[in-house]
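Walk through this structure contact by contact. Keep the 3D view open and follow the side chains as they come up.

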Amino acid sequence: DWSSDVCSSDLLKVVTYATGEAVIRQGDAGRSFYIVKEGRVEIQARNAEGVLFFTKELGPGAFFGEMSLLTGDPRAATVMALEESDLLRLDKEAFRKIMEENPRAEELISTILERRQEYSAQKKAQAARAEASTDTSGSTSNTRAIFVQKIRDFFAY
């Protein structure tokens, strides 16, 4: 299967998590990115008051943890295994190799980060019953540029 080829490159490690086991915890430092190979995980994020504002189940092929890996920011959510799950883990140094070999990847990844951050902000606003009248038009290129710079700073290239 596809993951065998990827894992043979020593860039990805297969890690197994038991049902109910935390993969990552909100607020912790993170230097890994995960892809669900087999099983299911649940993402949960809470605001500063501890109110759950986001939950999502992920299955095979889905990924998480990229924001902390790419920017050095603390984990934005907790991820728990809903059943025994095999995850592919990519650490900072392996990701650096990929970025060095694919320089345009940082722009593509920054676009994904931007979309996820905007979605998270929308969910926080909904949970707090805040008015969603904030104008985000025109912020796209600026936000993307900020992510590109954070990635470059964090990976020191």
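Arg40 and Glu83 meet through their side chains in a salt bridge, with 3.0 Å from N to O. This is a predicted model. Arg40 sits in the loop between β3 and β4, while Glu83 sits in the loop between β7 (78-81) and β8 (85-91), so the pair ties together parts that are 43 residues apart in sequence. Side chains of opposite charge can pair when their charged atoms come close.

How exposed are the two partners? Arg40 has a relative accessible area of 30%, so Arg40 is partly exposed. Glu83 is partly exposed as well, because its relative accessible area is 31%. Both values fall between the limits of 20% for buried and 50% for exposed.

Arg40 has a further partner. Glu57 forms a salt bridge with Arg40, and the closest N and O atoms are 2.8 Å apart. This pair also links distant parts of the chain: Glu57 is in strand β5, Arg40 is in the loop between β3 and β4, and 17 residues separate them. Glu57 counts as partly exposed because its relative accessibility is 47%. Put the contacts together, and Arg40, Glu57 and Glu83 are linked in a network of salt bridges.

How many salt bridges does a search of the whole structure find? The search finds four. One of them lies outside the network just described: Asp91 forms a salt bridge with Arg89, the closest N and O atoms being 3.5 Å apart. Asp91 is partly exposed, given a relative accessible area of 29%. Arg89 is partly exposed too, at 25%.Return to Glu57, this time for its backbone pairing. The bridge partner of Glu42 in β5 is Glu57. Strand β4 (residues 41-46) and β5 pair in the antiparallel sense, over six bridges. They belong to an open sheet of four strands, in the order β2-β7-β4-β5, with antiparallel pairing. Which strands form the edges? They are β2 (22-24) and β5 (52-58), each of which pairs on one side only. On average, neighbouring strands of this sheet are turned by 25 degrees against each other, direction ignored.

Now look for the aromatic rings. A pair of aromatic rings is described by the distance of the centres and the angle of the planes. The structure holds two aromatic pairs. Take Phe33 and Phe63: their ring centres are 5.5 Å apart and their planes are at 45 degrees, so the pair is tilted. Phe33 is in strand β3 (residues 32-38) and Phe63 is in strand β6 (residues 63-64), so the pair links distant parts of the chain, 30 residues apart. Is Phe33 buried or exposed? Phe33 is buried, with a relative accessible area of 12%. Phe63 counts as partly exposed, at 27% relative accessibility.

Tyr34 and Phe64 form an aromatic pair as well. Their centres are 5.2 Å apart, the planes are 15 degrees apart, and the pair is stacked. Tyr34 lies in strand β3 and Phe64 in strand β6, so this pair ties together parts that are 30 residues apart in sequence. Both Tyr34 and Phe64 are buried.

Next, go to Thr71. Thr71 is found in helix α2 (residues 66-71). Its relative accessible area is 8%, so Thr71 is buried. What does the side chain of Thr71 reach at 2.7 Å? The side chain of Thr71 reaches the backbone oxygen of Met67 at that distance. Thr71 also has a side-chain partner: a polar contact of 3.2 Å joins the side chains of Thr71 and Asp73.

End with Ala29 and Pro74. Ala29 has its place in the loop between β2 and β3. Ala29 is exposed, because its relative accessible area is 73%. How far apart are the C-alpha atoms of Ala29 and Pro74? They are separated by 4.6 Å, although the two residues are 45 residues apart along the chain.

Definitions and conventions. Residues numbered from 1 in each chain as written. Predicted model: local features only at pLDDT ≥ 70, side-chain atom pairs only at ≥ 80, totals over all residues. Heavy atoms only, no water. Pairing = 2+ DSSP bridges. Helix = DSSP H or I, 4+ residues; strand = E, 2+ residues; numbered from the N terminus. Axes fitted to C-alpha atoms, helices over the stretch in contact; angles between N-to-C directions. Buried < 20%, exposed > 50% of the residue type's maximum accessible area, 1.4 Å probe, protein only. Polar contact = N/O pair within 3.5 Å; in protein donor to acceptor, adjacent residues only side chain to side chain. Phe/Tyr/Trp six-rings, centres within 6.5 Å; stacked < 30°, edge-to-face > 60°.
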